[in-house]
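Here is a set of short questions about labels and the values behind them. Each answer sets a value against a cut-off.

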Amino acid sequence: MVSTPRLVVAAPASGSGKTTVATGLMAAFAARGLAVSPHKVGPDYIDPGYHALATGRPGRNLDAYMCGTELIAPLFAHGSAGCDLAVVEGVMGLYDGASGQGELASTAQVAKVLRAPVVLVVDASSQSRSVAALVHGFASWDPEVRIGGVILNKVASDRHEALLRDALDESGLPVLGVLRRAGRLATPSRHLGLVPVAERQGDAVDAVRAMGDRVRAGCDLDALMALARTAPALPDAAWEPEPGPAEAAVSGSARPGSARPVVAVAGGAAFTFAYAEHAELLTAAGAEVAVFDPLRDEKLPAGTAGLVIGGGFPEMYAPELSANEPLRRAVTELALSGAPVAAECAGLLYLARELDGRPMCGVLDASARMSERLTLGYRHAVAVSDSVLAAAGTRMRGHEFHRTVLEPGAGSVPAWGMHQPERRVEGYVQGGVHASYLHTHWAASPEVAARFVGHCRAR
């Protein structure tokens, strides 16, 4: 049974202040000495970094499209085990989900699966009495979604607050907080959203502290905790990082007593996009996970048998990545030796011949560059050929999130055949390398980790 008190922080639309409120709540409750479990609806990698900073625990994603609705509660239970409170930040508007697929992957769907009360964050900067109509509409749209209260954001003055409260008195929903306009809480953004925590260091710490202070001053934390405790127990067992079906691993790879292969995982400021469950699954499959920083480390971790390079912002660090020639050579040598290499998005660019004219590893005969066009959305993919990650015909769901272009976009042996939003092939399977723009969540397919570690052990 999952009995952790919980809140879902949602909003009518993007830009209303969900991240400020959710992160501030996490920080404020953590400052009270509570163990707070942070979660984010959807595939976003950046907000969970701020959540982790606020709580001291890994930020975890709840994505019904990539992982399936049936895994939402178990993943939540895994992340929130032993905690006093869980705060779930929503995505986009409360009822917005995967394009053209109803409520799938929406905050509303996750709130219903978790049976969690919703706190609606409303940008009140350009309205007064109309706020009641807005809140009434959201509260009545789906009777299975329980909105337990409202936090008013960007309130201009005492008089503005009084007008908003008078209007909401008729709605029957309590005002659980009022936050005034405060420019000092603005966090810097760029082409893919907020600047990640790893790139801001001390500034990010200050920003999270300020969010916590602001929420603590403007919100009724006792009332919010009481609301969180109204969430009923869930019957779901917690997800566990298990390696997946034995037949998914390389034949004969799981020899009793065999050494744990070292899987090097890229980290640091250039490669910040990672789901916590991936490292957990690699460990459960028998690997020793060793994190390294391509911006600083000139060697791969000792004994590296396989390499995972996830997403991030290599385009922001192209000069530094290019200047680290010793590591680029080490990565190239490892890849050319046939070692398993899994690269997603930023990793794909790092393995290319060049990025914005700067030499990269040259494992792939492809050139990458920044683009004006944002590529963003969920994808349904099928493995085109056998690789270190998947057998041919394996179906997976994922998402793309980048403002770069790779030419050519696919090798002679592509990684994936895409079915949404258009039919195309994408990525590279080359020796032990699997490189693609597609981000995937391995919790939905734990055999991916088992297969990858099996290839590492078999070398």
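Q: Why is D206 called partly exposed?
A: D206 has a relative accessible area of 44%. Buried means under 20%, exposed means over 50%, and partly exposed lies in between (1.4 Å probe, protein chains only). So D206 counts as partly exposed.

Q: What should be kept in mind about the source of these values?
A: This is a predicted model, where local features need pLDDT of at least 70 and side-chain atom pairs count only at pLDDT 80 or more, while totals for chains, interfaces and linings use all residues. Residues are numbered from 1 along each chain as its sequence is written, and side-chain values use heavy atoms, with hydrogens and water left out.

Q: What makes the D206 and R209 pair a salt bridge?
A: A salt bridge needs a side-chain nitrogen of Lys or Arg within 4 Å of a carboxyl oxygen of Asp or Glu. For D206 and R209, the N to O value is 3.0 Å, so the pair fits the definition. Both residues lie in helix α9 (residues 202-218), 3 residues apart, about one turn of the helix. Helices here are DSSP runs of H or I with at least four residues, strands are runs of E with at least two, and numbering starts at the N terminus.

Q: Which parts does the salt bridge of R180 and E161 tie together?
A: The side chains of R180 and E161 meet at 2.8 Å, N to O. R180 lies in strand β7 (residues 175-180) and E161 in helix α7 (residues 158-169), so the pair ties together parts that are 19 residues apart in sequence. D158 and R165 join R180 and E161 in a network of salt bridges.

Q: Is E161 buried or exposed?
A: E161 has a relative accessible area of 18%, so it is buried. R180 stands at 30%, so R180 counts as partly exposed.

Q: How do you know that the span of helix α15 agrees with what is expected?
A: The expected span is 1.5 Å times one less than the number of residues. Helix α15 (residues 447-458) has 12 residues, so it should span 16 Å. Its end C-alpha atoms are 16 Å apart, which agrees.

Q: Why is α15 called largely enclosed?
A: Of its 12 residues, 9 are buried, so the rest of the structure largely encloses α15. Among the buried residues are F452 and C456.

Q: What makes N153 and R214 a polar contact?
A: A polar contact is a pair of N or O atoms within 3.5 Å; within protein, one must be able to donate a hydrogen and the other to accept it, and residues adjacent in sequence count only if both atoms are side-chain atoms. The side chains of N153 and R214 are joined at 3.2 Å.
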